[in-house]
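Hi,

Here is the structure I promised to send over. Have a look at it first, and then read on for what turned up.

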Amino acid sequence: MKYRIVTVVDKVTSIRAWEKDFVLYLKRNQAFSCFDKQTLKVLWSYADCYHGFLYGDKFFLNIAISNTPDVVSFNNGELIKHLSLFFNFHVLNKYCYALQVIKENEEKENVKYNCLKFDIEKQEIVKINESIYPFDLLLDEKNYISTLDNRIFKVDFEANTVDWEYHISDLGPYMDWDYLNPPVWEKRRYYNMYYVDGMVFLSVSKGVVALAAETGKQLWWVDFNTTETSTLFYDIDPYYLSFADGKIYIRDWGQFVSIDMKTGEILMRKKYIGFKVGDEIVDNTMTSGIKIHNGKGYFVLDVQAELYLTSLDLKTGEVRIEAELPDVKDQVSAENIHFEGNRMYLRDNASFLYVYEVTE
């Protein structure tokens, strides 16, 4: 495969949406912008924005004015209409589920929220609930998952009630360590959450948990933590999870793991560092996670400040250097790699978006 860079867009703090013809992204100065994939040009930008989504031919953006969120609808970048008071969008069918923060005091303790259901077509709010549970993951038009104080909740949006609650602390502590200090027992931390095929998956300190979304029942729990100092090097810390073909894929700094999504059975666990790039031996990869595309898991490898697009074979765990990336200025997290048609998009930690043309 050959990779040819075609354009670079600067000040891209985060990608908020990949659409058919556009990339919606947040700029470093909190301006929301629209990048046209065909012309490779930025079409428009609007200041003081934090979030947004595309519905039909209109863009809905969250505008901050005097610390009060407001939403503006755009069509080709032109202001159409001001809407009302919400942010943190979750879009499903013709509805937007959103959150409005109600500050209880200046210390921001005991924060409460207005959970809003907004009819996008009618452009009106049809439901408001006051709640202490913020949105984290929308399951359907009635239910969402919330995280609070290292606990997981399933909340009924309509009734504003908790259906079930799961405590990360029930998994027990894990043994943390570094090269300078002796191992110590620490509380497990929740990292990321995913909803796939009726199951909620949690990546936590040194492990992965699967819950039934309907009941909250723990289906399985994989603990990668060891307790002997001689084997601590082989712990796995699964910060990001990737899903494909009924499997969960994990890549941390030194190992690659695949897990059966239904049963939690470990299908593969392989150390993949120790290979050479030029004259350098790769001892760790500094970043974690993979972006799955065409049967491979892609990530960007940093070797002595030289960056390489690297792939893992999902069946064998073998590593291959796909291309050197001399134009990329900083490290690239796996979640900031995006493939689409004959294009590859990379966003680095220096807030640059790189667009590559991929050919055989």
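One open sheet in this predicted model has four strands in the order β14-β15-β16-β17, paired antiparallel. β14 (137-138) and β17 (161-167) sit at the edges with a single partner strand each, so one side of each has no neighbour in the sheet. Between β14 and β15 (residues 143-148) there are two bridges, and the two strands run antiparallel. If you want to find that pairing on screen, look for L137, which stands opposite I145 in β15.

Further along there is another open sheet of four strands, ordered β24-β25-β26-β27 and again with antiparallel pairing. Its edge strands are β24 (242-244) and β27 (266-271), each pairing on one side only. From one strand to the next, the twist averages 15°. Strand β26 (residues 255-260) is joined to β27 by five bridges, with the two running antiparallel. Here F256 is the residue to click on: K270 in β27 stands opposite F256.

Now for the inside. The largest nonpolar core has 17 residues, and those touching the most other members are Y3, L325, V328, M344, L346 and Y356. Elements giving two or more residues to this core are β31 (296-303), β32 (306-313), β34 (337-340), β35 (343-347) and β36 (353-359). β36 gives the most, with three residues.

Which residues does Y3 touch, leaving aside those up to four places away in sequence? They are Y298, L309, E322, A323, M344, Y356, E357 and V358. Two of these, M344 and Y356, are also among the core residues that touch the most other members.

Cheers

Technical notes:
Residues numbered from 1 in each chain as written. Predicted model: local features only at pLDDT ≥ 70, side-chain atom pairs only at ≥ 80, totals over all residues. Heavy atoms only, no water. Pairing = 2+ DSSP bridges. Axes fitted to C-alpha atoms, helices over the stretch in contact; angles between N-to-C directions. Core = buried A, V, L, I, M, F, W, Y, C linked by side-chain atoms within 4.5 Å. Buried < 20%, exposed > 50% of the residue type's maximum accessible area, 1.4 Å probe, protein only. Contact = heavy atoms within 4.5 Å.
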